[in-house]
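Trainee: Hi, do you have a moment to go through a structure with me? I'm new to this one.
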Protein chains: 4
Amino acid sequence: MAKKSAPDTTRRSEKSRRAIYAAALELVGEVGYAKTTVEGIAARAGVGKQTIYRWWSSKADVLLEAFLDLAEQTAQDAGQEPYATIPDTGDLAADLKAVLRATVDELLDPRFEVPSRALAAEGLVNEELGRELVAKLLEPSLQLYVQRLRSAQKTGDVRPEVDPRIALELFVSPLAQRWLQHTGPISYEYTDTLVDYALYGLAPR
Amino acid sequence: MAKKSAPDTTRRSEKSRRAIYAAALELVGEVGYAKTTVEGIAARAGVGKQTIYRWWSSKADVLLEAFLDLAEQTAQDAGQEPYATIPDTGDLAADLKAVLRATVDELLDPRFEVPSRALAAEGLVNEELGRELVAKLLEPSLQLYVQRLRSAQKTGDVRPEVDPRIALELFVSPLAQRWLQHTGPISYEYTDTLVDYALYGLAPR
Amino acid sequence: MAKKSAPDTTRRSEKSRRAIYAAALELVGEVGYAKTTVEGIAARAGVGKQTIYRWWSSKADVLLEAFLDLAEQTAQDAGQEPYATIPDTGDLAADLKAVLRATVDELLDPRFEVPSRALAAEGLVNEELGRELVAKLLEPSLQLYVQRLRSAQKTGDVRPEVDPRIALELFVSPLAQRWLQHTGPISYEYTDTLVDYALYGLAPR
Amino acid sequence: MAKKSAPDTTRRSEKSRRAIYAAALELVGEVGYAKTTVEGIAARAGVGKQTIYRWWSSKADVLLEAFLDLAEQTAQDAGQEPYATIPDTGDLAADLKAVLRATVDELLDPRFEVPSRALAAEGLVNEELGRELVAKLLEPSLQLYVQRLRSAQKTGDVRPEVDPRIALELFVSPLAQRWLQHTGPISYEYTDTLVDYALYGLAPR
DNA sequence: CACTAAGCGAGACGGTACGTCTAGTCTTTTT
DNA sequence: AAAAAGACTAGACGTACCGTCTCGCTTAGTG
């Protein structure tokens, strides 16, 4: 009775998949998310529209996977794993500053900027996409900070009663907001300052 | 030779303007931003489409003004001015916690939630709207924190070399991000914790 | 509650209507009925698809009206009314032969051939269109024969007990079938012969 | 060098062929010719699409063969040969009326009606199919009338100078047109009248 | 008796057109 | 002159089929 049986993944055309990812990212970069259309992606990829609708449910879905794929490819091309963990040299401030500087570089990379901003925007308004984004992209990274902060609690560099999941937001969220909402410039100096303020507080010691 | 002379504002129909604001906010609340259409707003407002296009350039523009109007109305209805300044009782932590608790209340008010999230989303992707949003809604609020922190520097509650514009992000941005991106729950307890962490730092004293 | 209110005919664009008729007839002539598409008609007419769907329910419907319009225009251009009646010179055979010869000319006119054959084909399979075709195009012509045959019955040229509606089919239907189904050649000689056979019978006198 | 070698008929699956015929006729009967699709036929027949395209060039082609097959089967099931000849009892009028009555029965048989009308319609517009239809279905039947009329000319029942190929159209074409174009009811009385009119003419004797 | 080599069911593919929806413009009539 | 109404051109939406193209799997016949 099932009208739509799920398509057979084993027969899927790898070539088409890659062409669709490439076309989607290109178009979002060129004309922006709103003006990117499924039709346009199909045309640029040299693919029938149905091939897109067969495997993805929406434009947002295509772009999410395309972006995840891009991130994965880039990671493999550069170092092996992007950041399995945050380095632990014993100097917490230095470690955090290093990671945040790398994040700054990434946020300013134009290849990532447009699609990730587009996805973030769509994620605000589209519950499902939002949850996927957070689960697949954001939360894994944040967990790395949680680990590093827990380690710092063991060495006494962070007070033991501090909740690491909240603590990390002190330096991560400001950067995120400046980038997302253009509320201020982004630089190494800025993130270094965030780490210092967060670790040692605003009140005099 | 000018085909489009600017419309004559003195002849503008106040009734239509109000009806359009109301219709826009209702529709965004009912069906979400993406499914709200100019046509739908015009129909619900009992207004011709051209009347919308004559005075606004886009759906986002209508909604921005509608939202600003709503904010203004609500402010006038409730207390006079919402927060011309942040209270200065001499207890910085208490003052910040009070304001952030009020912000939490506002963020959880369903009348504000959908349209402001929609505007924020559009603002990520639409440069012009984003700048307007930041300039008209966000930055004025943030300046209040700047003032309160400067005052705290004078009383010695905040270290003098701290940049208040960055400092405020330690407790404001985490809240903003949790709300915008659903990365965590929002509560009085959470914002209180943020203030404590930000003021006294994560490192042991 | 009515979702689709009927469109307002008084505001209809005459220019678009004419352009659509012209495009439809051209395309049917150039590529045939099956390969003529609503999209193609809209494109050639420089018209939005919705303008077609607003006023017509289908490709067949457009073509029917376009053809009726063509027939009307052609009639007006040539003599006033095409054939308000069949001539009555007193010589029944001659009168019928004359009209059938004119019909032969019309059937062989390439401007009429393709669209009318296309409509006829669609009419076979599409009940509603078929009834409209018969009612608006075919039956009015046949009634002219009925009148002429009745007149002939008064003058004694046709037996009084003959049913004129059936009688006319003896010479009209053969011509129709040859033309529609390509079952034989069409010529003045052929229609003359049909009239002779029909009037005087096959059996010896 | 030949990309497409002709398929090997000896290996053809008889089971599939029969299933395709059955599915095609069922679907045309249920949803009409236009809404019958190759994909639908394949699905109902439990057959791959390629199996249809391997042996037939089009939907029309499938249906033509399916119909010919049906006609053949029906003929074999009923009497042996359908009508190798038209009976020759010496009474021409009676013989023709008998055959036409049988034709009326056939035309009103719902098993035949939909597919044959569909084929006829397609034949009007599709030259190739039209010629095949005429050659394989129509002309053979008409030749039987030619023979009977020639025989009648020998016995003096039909004038010797009459062209039998044209003469037969006097009673066959009207029936065909009424059936095809729904221009009038079909009955034994009607076909009897046609024969009488055709044999003895409309003019008084 | 394994070994081709075809036909087969299945269904993914690049496409075209469908009929619907909305954007933003233009025109007509009313206030 | 602004406004209500709504028809207009334009073009994307998601769906349905087209006809082609593999994929494994029978199923013969051949070596």
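Mentor: Happy to; let's talk about the contacts between chains and then the DNA. Keep in mind that this is a predicted model.

Trainee: Thanks! How many residues of chain B are in contact with chain A?

Mentor: On the chain B side there are 43 residues, and they are in contact with 42 residues of chain A. Five helices of chain B each supply at least two residues of that side: H6 (110-125), H7 (127-154), H8 (164-167), H9 (169-181) and H10 (188-200).

Trainee: Which helix gives the largest share?

Mentor: That is H9(B), with eight residues. By class, this side of chain B has 25 nonpolar, 11 polar and seven charged residues.

Trainee: What about chains D and C, how many residues are in contact there?

Mentor: Here 41 residues of chain D are in contact with 42 residues of chain C. Helices H6 (110-125), H7 (127-154), H8 (164-167), H9 (169-181) and H10 (188-200) of chain D each give at least two residues to the side touching chain C, and H9(D) has the largest share, eight residues. The classes on that side are 25 nonpolar, 11 polar and five charged.

Trainee: Switching to the DNA: which residues come nearest to strand F?

Mentor: Of the 42 residues around DNA strand F, the nearest are B:Asp8, B:Gly48, C:Asp8, C:Ser13 and C:Gly48. Elements giving two or more residues to this surface include helix H3 (49-55) of chain B and helix H3 (49-55) of chain C.

Trainee: And how do the residues of that surface divide by class?

Mentor: Near DNA strand F there are eight nonpolar, 18 polar and 16 charged residues.

Note on methods
Residues are numbered from 1 along each chain as its sequence is written. Chains are lettered from A and ligands numbered from 1 in the order in which they are written. This is a predicted model: local features need pLDDT of at least 70, side-chain atom pairs count only at pLDDT 80 or more; totals for chains, interfaces and linings use all residues. Two residues are in contact if their C-beta atoms, placed from the backbone, lie within 7 Å. Helices (H or I, at least four residues) and strands (E, at least two) are DSSP runs, numbered from the N terminus. Ala, Val, Leu, Ile, Met, Phe, Trp, Tyr, Cys and Pro count as nonpolar, Asp, Glu, Lys and Arg as charged, and the others, Gly among them, as polar. A residue is near a molecule or strand if its C-beta atom, placed from the backbone, lies within 6 Å of it.
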